[in-house]
Amino acid sequence: VNPAATSKYTLNAPSDITAGGARAAYTVTRYDEYDNLVTSGAETVYLFTSSDGGNAGFYDAETGGNTITSVSISDGSSSASFWYYDEKAGDWTITASDATPADGETGVDDATDDLTVNPAAIASYTVTVSSPQTAGAGFTGTVTAKDEYGNTVTTDSTTEITMTNDTGHAVFYTDSNYDTPTLTYTLSSGVATIYVKDTVAETVTITATDGNGKTGDSGGIVINPAAIASYTVTVSSPQ
């Protein structure tokens, strides 16, 4: 009793991968409507990803190899293997189909797998603070950890960053009360909120650095003078 024609595909579910790291290994397998493995006849299976960038692509080998958009299940086999690579972190859907979008469906159910691509290690920081600010008025900013591919390192909630402002007089605080100075903050899902106050009218650059030497700065933040509080009258003496 031979199996009937291919009615559906299945995809194995590999472990989560890291952006820019090892490729995810996949196997697509074909079955008939009665869940028998189909081994006769050759078939082309088209591959798709919902990832919208990050050099995402399919390969015919675990390392090296060629980029592909489909795999062939050969006559006498029930499955074919391929590998997936991505530099963009996120939750993506991998799809194996018997049809390209232009062909329309031909009756075989698509097989899908939800794959998580985690960010790589911290490579730099983005320090975001609006400008201008006002002298003596507290303001907030964010420090965001980025991997080498520009992904926010959402997997990190332990790294401690140290804040400096060698070009100015800004003071950092633990919270919006602006009464407890601090130089360090801890990331939460790759982001830290910073609280800053500067009483000097100047242009200041805020820098974040971690224990591994990864760093980033805000660029120039203009601190404007506050409202008039008094006058200084200057006259030489004697007259």
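**Close-ups of a predicted model: strands and rings**

Six bridges link β3 to strand β8 (residues 79-85), and the two run antiparallel. This is a predicted model, like the rest of the views here.

**View 1. Strand β3 and its partners.** Besides β8, look for strand β1 (residues 8-11), joined to β3 (residues 24-31) by 4 bridges, again antiparallel. To find your way, start at Lys8, whose bridge partner in β3 is Tyr31. For the β8 pairing, try Thr29, which has Ser79 as its bridge partner.

**View 2. An open, mixed sheet of 5 strands.** The order is β2-β10-β9-β4-β7. The edges belong to β2 (17-18) and β7 (70-73), each with a single partner strand, so one side of each has no neighbour in the sheet. At the β2 edge, 2 bridges tie β2 to strand β10 (residues 111-118) in parallel, with Thr18 partnered by Asn118.

**View 3. An aromatic cluster made of Tyr26, Phe58, Phe82 and Tyr84.** The whole structure holds 6 aromatic pairs. Tyr26 and Phe82 are stacked, because their ring centres are 5.3 Å apart and their planes sit at 10 degrees. That pair links β3 with β8, 56 residues apart. Phe82 also meets Phe58, with centres 5.7 Å apart and planes at 75 degrees, so this one is edge-to-face. Phe58 comes from strand β5 (residues 57-59), 24 residues from Phe82 in sequence. Relative accessibility is 1% for Tyr26, which counts as buried; Phe82, at 0%, is buried, and so is Phe58, at 4%.

**View 4. Charges over rings.** Arg23 puts its charged end over the ring of Tyr59, 3.7 Å from the centre. Elsewhere, the charged end of Lys197 sits over the Tyr173 ring, 5.9 Å from its centre.

Conventions: Residues are numbered from 1 along each chain as its sequence is written. This is a predicted model: local features need pLDDT of at least 70, side-chain atom pairs count only at pLDDT 80 or more; totals for chains, interfaces and linings use all residues. Side-chain values use heavy atoms; hydrogens and water are left out. Two strands pair if DSSP finds at least two bridges between them. Rings of Phe, Tyr and Trp (its six-membered ring) pair if their centres lie within 6.5 Å; planes under 30 degrees apart count as stacked, over 60 as edge-to-face and the rest as tilted. Buried means under 20% relative accessible area, exposed over 50%, partly exposed in between (1.4 Å probe, protein chains only). A charge sits over a ring if NZ of Lys or CZ of Arg is within 6 Å of the ring centre and within 35 degrees of the ring normal.
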